[in-house]
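Visitor: I should like to go through this structure with you by question and answer. Please show it first.

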Amino acid sequence: MSSVNWLEEVLKRKDDFINDLQGLLRIKSVLDEENAKEDAPLGQGIKDALQYMLDLGEKDGFTSKNVGNLAGHVEMGEGNELVGILGHVDVVPEGDGWSVEPYGGEVKDGKIYARGSSDDKGPTIAAYYGMKIVKELGLPLSKRVRLIIGTDEESDWRCVEHYFEHEEMPTTGFVPDADFPIIFAEKGISDYDLVQPPSEGQAKAKYELVSFQSGRRYNMVPDYAEVHLKVEEADTAEIQKYLAYLSEMKLEGDANFIDSELVLTLAGKSAHGAEPRNGKNAGTFMAEYLKTLELDDAGGKYVNTVSELHEKSRGEVFGIEYADEESGELTINVGVMSFSKEDGGRIGLNMRYPVTFGIEEGKKKIEAVLDEKGLQLENFTDSKPTYVKKDDPLIKTLQKVYEEQTGEKADLLAIGGGTYSRALDKGVAFGAMFPGREDVMHQKDEYAIVEDLFKASAIYAQAIYELAK
C-alpha cells in the first residue's frame with residue numbers, strides 16, 4: 001500500500017485529532033493514592049483518563065477492555081500474532097509558574113499546551129489515530145494490533161505489571177514515549193543503598209557530624225546539601241575557610257553558627273542521574289570539604305565514603321567499570337545521602353548498566369568492596385536492560401517507515417533512561433519527539449508541536465500497517 005499518503009490521511013482528521021487530544025488533556029490524571037477507591041486504585045483522575053481512551057475506542061469501532069482499572073487496551077485485526085503499542089495517560093503534577101491553564105489543551109502558535117501534551121497523551125493519541133486510519137482505510141491485516149494504555153508509568157509501573165499478569169504479551173511492539181528515530185537499547189537500571197550502621201561510644205573530636213542531608217531521588221543529581229556539625233567552640237575562621245572552598249569550586253552556599261552547631265549549606269547543579277557528569281553533586285562536594293575537618297569516627301567514616309564517590313560515576317570505586325558498543329558506559333549517580341547519630345549513614349545510588357553487563361557478578365563485586373569497609377548493601381532493585389538486535393525485522397521495518405516519512409536517516413539510539421519497551425519481550429521506543437526539538441516534558445508550560453504530532457501519527461499509521469499486514 002505504498003500509494004497511501006499517510007500524512008494526508010492524518011490531516012483529513014486533524015480537527016477530530018485535536019478535539020480528542022484536548023478531551024484527554026483536560027483530565028487531571030495525576031496519581032492520587034490518598035483518595036484511591038477500589039475501582040480507582042490510583043485515583044479518580046487516572047481512572048477517568050483510562051476510561052476516556054477505552055470509550056474513544058468503542059466509539060470508533062475497536063474492541064476495548066479495562067484491566068482492573070490499572071490498564072486497558074483497544075484492539076483491531078485478527079490473527080495469532082499481536083503487535084503491541086504501549087502508551088500512558090498518567091502525568092506528573094503540574095507544578096507552579098504556568099502561563100496557560102495546565103489542563104486546558106490550549107492551541108496557540110502551532111503548539112498545544114497542557115501537562116501530558118508531550119508525555120505521553122499527545123503521542124498516545126498520535127498512535128491511536130495511526131490505528132484508526134489503518135482501520136478506516138480497510139487495509140488487510142494478518143495480525144492483531146493493540147494499543148495498551150498504562151496509568152502508572154510516572155511512578156511504579158503497577159499498570160503494566162498488572163496488565164501482563166492477566167493479558168498476553170505482544171509478539172512485537174513499540175512505545176511512543178521517547179525520541180525518534182528508534183531507541184533500540186535501554187540500559188539496565190539498579191537502585192541500592194550503601195548503609196553504615198550507627199556506632200556507640202565514640203571518642204570526642206573537634207567536630208561531630210550531627211546530620212548530613214542531600215538529595216531526594218536516586219535518579220537525580222542532588223542540587224542541595226545541608227550539614228549540622230557540633231562544635232566545641234564557635235570559630236569564625238571555619239566559616240571563612242568554608243566560604244573560600246565554595247569560591248574555589250565556583251559553588252553557592254552559606255555557613256552559620258546556630259547555638260552549639262555549625263550549619264553548612266551548599267547549592268550544586270541538578271541533572272538526570274543517567275549522566276551524573278551533567279550536574280554538580282551538592283552532597284559529594286560537601287563531603288569533599290568535610291573530609292578536611294577533624295571529625296568524630298562515625299561522621300568521618302561516612303564522609304570519607306561519600307567523598308570516595310565524588311566525580312567517580314563510572315563504577316571505578318567498585319571495580320565494575322564497563323562499556324559496550326550497543327549501549328555505552330556504566331554510570332552510577334549518588335542520588336540520596338543521609339546521616340544521623342541515631343540512624344547511622346545511608347547513600348542511595350542509581351546505576352545504569354550496559355545491556356551486556358553481568359549484573360549478578362557486578363553486585364558481588366559491590367558487596368565485596370562494602371564488606372571491606374564495614375558497610376552493608378540494602379534495597380537492591382534491578383530493572384533489566386532491553387535490547388533488540390539491529391538486524392531484527394522490527395528494527396528494519398521501523399527504519400524503513402521513518403526514512404520514507406521523513407527523508408532522514410533512521411539512526412539507532414541507546415539511552416540510560418527507561419520506557420515501557422522494557423516491559424515487552426521484544427519492543428523499542430519509537431518517537432514521538434523529533435531530533436532537535438526542545439524537551440519540555442515535566443516542565444511548566446509543557447507543549448507539543450501540533451505538526452509534529454500529525455507527522456508522528458502518519459509514521460505510526462504506516463508502521464502499524466507494515467508490522468501487521
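Visitor: In which strand is asparagine 379 found?
Guide: The model is a predicted one. In it, asparagine 379 belongs to the strand that covers residues 376-383. That strand is β19.

Visitor: Is asparagine 379 buried or exposed?
Guide: Exposed residues are those over 50% relative accessible area. Asparagine 379 has a relative accessible area of 52%, and therefore it counts as exposed.

Visitor: What is the phi of asparagine 379?
Guide: Most residues other than glycine have a negative phi. Asparagine 379 is not a glycine, yet its phi is positive, at about 55 degrees.

Visitor: Where is aspartate 259, and what is its relative accessible area?
Guide: Aspartate 259 sits in the loop between β13 (252-258) and β14 (261-267). It also has a positive phi, of about 55 degrees, although it is not a glycine. Aspartate 259 is exposed, because its relative accessible area is 78%.

Visitor: Which peptide bond leads to the residue in the loop between β8 and β9, and what is its omega?
Guide: Most peptide bonds are trans. The residue in the loop between β8 (178-179) and β9 is proline 181. The bond from phenylalanine 180 to proline 181 is cis, with omega near 5 degrees.

Visitor: What is the omega of the peptide bond from aspartate 119 to aspartate 120?
Guide: Aspartate 120 is placed in the loop between β5 (111-113) and α4. The peptide bond from aspartate 119 to aspartate 120 is cis, and its omega is near 5 degrees.

Visitor: How are α4 and α11 oriented to each other?
Guide: The axes of α4 (residues 121-136) and α11 come within 7 Å and cross at roughly 45 degrees. The contact involves residues including Gly122, Ala126 and Gly130 of α4, and Ser457, Ala461 and Ile464 of α11. The crossing is right-handed. An angle of that kind falls outside the parallel, antiparallel and perpendicular classes, and α4 and α11 are therefore oblique.

Visitor: Which elements cover the buried residues of α10?
Guide: The buried residues of α10 include Leu394, Ile395, Leu398, Val401 and Tyr402. An α-helix has 3.6 residues a turn, so residues three or four places apart point the same way. Among the elements that cover the buried residues of α10 are β7 (172-175), β9 (182-186), β21 (412-415), β22 (427-429) and α11 (450-468).

Visitor: What is the reach of α10 from its first C-alpha to its last?
Guide: Helix α10 takes in residues 393-406, which is 14 residues. At 1.5 Å a residue the expected value is 20 Å, and the reach of α10 is close to it, at 20 Å.

Visitor: Which residue has a side-chain oxygen that reaches the backbone nitrogen of leucine 394, and which residue follows α10?
Guide: At the start of α10, the backbone nitrogen of leucine 394 has a side-chain oxygen within 2.8 Å, and that oxygen belongs to aspartate 392. At the other end, the residue that follows α10 has a positive phi, near 75 degrees, and is glycine 407.

Visitor: Which residue has its backbone oxygen 3.4 Å from a polar side-chain atom of threonine 331?
Guide: Threonine 331 is in strand β17 (residues 331-340). It counts as buried because its relative accessibility is 1%. Beyond four places in sequence, threonine 331 touches residues including Lys187, Ser313 and Asn350. The backbone oxygen 3.4 Å from its polar side-chain atom is that of alanine 274.

Note on methods:
Residues numbered from 1 in each chain as written. Predicted model: local features only at pLDDT ≥ 70, side-chain atom pairs only at ≥ 80, totals over all residues. Heavy atoms only, no water. Helix = DSSP H or I, 4+ residues; strand = E, 2+ residues; numbered from the N terminus. Expected span 1.5 Å × (residues − 1). Buried < 20%, exposed > 50% of the residue type's maximum accessible area, 1.4 Å probe, protein only. Contact = heavy atoms within 4.5 Å. Polar contact = N/O pair within 3.5 Å; in protein donor to acceptor, adjacent residues only side chain to side chain. Axes fitted to C-alpha atoms, helices over the stretch in contact; angles between N-to-C directions. Parallel < 35°, antiparallel > 145°, perpendicular 65-115°, else oblique. Left-handed = near helix turned anticlockwise from the far one by under 90°.
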